[in-house]
Amino acid sequence: MIEDAFRLAYPSHVLMDVDLYGLVYHFYQTDIGIDADNLSKPIWDCLRGILFDDDKRVKMRIAGSLNVGGSDLTVINSSGLSGELTASLLDALDTEEHILYVECGTFTADMIQLNLERDGN
């Protein structure tokens with residue numbers, strides 16, 4: 001199913017052979033007990049041969065499993081997404097029980113950030 005959707009969206013894609021980053025966010029209304037790491041690894045495994053030649057190319061991985069029931073969704077930084085995609089995501093977060101957001105792109109060293117807390121401590 002992921003492969004079909006990817007090939008439909010990107011019919012001329014060539015396997016990526018550079019270092020990559022990957023994001024997997026699971027947004028949910030009802031917790032089903034899956035932790036972020038256990039959710040993300042199979043995603044990268046199934047994209048091998050579709051998006052890249054080997055999931056070892058994904059040098060930096062970020063995964064999150066986040067309960068959005070009653071949360072303030074306006075704090076999600078979607079500034080890098082198109083308006084259409086942001087609207088679609090926000091609509092889905094309001095209406096769907098589970099949303100899986102997957103993103104992968106070229107990794108650069110300036111993506112590494114230490115002390116993610118923004119309070120200065």
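In this predicted model, the buried residues of helix 2 pack against four elements: helix 1 (2–9), strand 1 (20–28), strand 2 and strand 3 (98–106). Let's look at that helix, and then follow the chain onward into the loop behind it.

Helix 2 is built from 12 residues, and from its first C-alpha to its last it reaches 17 Å, close to the 16 Å expected at 1.5 Å a residue. Which residues of helix 2 are buried? They are Ala36, Leu39, Ser40, Ile43, Trp44 and Leu47. Looking down the helix axis, you find these buried residues within an arc of 125 degrees, so they line one face of the helix. The spacing makes sense: an α-helix has 3.6 residues a turn, so residues three or four places apart point the same way. Turn to the other side of helix 2, and you meet Asp37 and Asn38, which are exposed.

Now for the two ends. At the start of helix 2, aspartate 35 has a side-chain oxygen that reaches to within 3.2 Å of the backbone nitrogen of aspartate 37. Just after the helix, glycine 49 takes a positive phi of about 85 degrees.

Further along comes aspartate 55, which sits in the loop between helix 2 (36–47) and strand 2 (58–67). Is aspartate 55 buried or exposed? Its relative accessible area is 6%, and because buried means under 20%, aspartate 55 counts as buried. What is aspartate 55 in contact with, leaving aside its neighbours within four places in sequence? The residues are Lys41, Trp44, Asp45, Arg48 and Arg61. You have already met one of them, Trp44, among the buried residues of helix 2.

Conventions: Residues are numbered from 1 along each chain as its sequence is written. This is a predicted model: local features need pLDDT of at least 70, side-chain atom pairs count only at pLDDT 80 or more; totals for chains, interfaces and linings use all residues. Side-chain values use heavy atoms; hydrogens and water are left out. Helices (H or I, at least four residues) and strands (E, at least two) are DSSP runs, numbered from the N terminus. Buried means under 20% relative accessible area, exposed over 50%, partly exposed in between (1.4 Å probe, protein chains only). Contact means heavy atoms within 4.5 Å. The expected span of a helix is 1.5 Å times one less than its number of residues. The arc is that of the directions from the helix axis to the C-beta atoms. A polar contact is a pair of N or O atoms within 3.5 Å; within protein, one must be able to donate a hydrogen and the other to accept it, and residues adjacent in sequence count only if both atoms are side-chain atoms.
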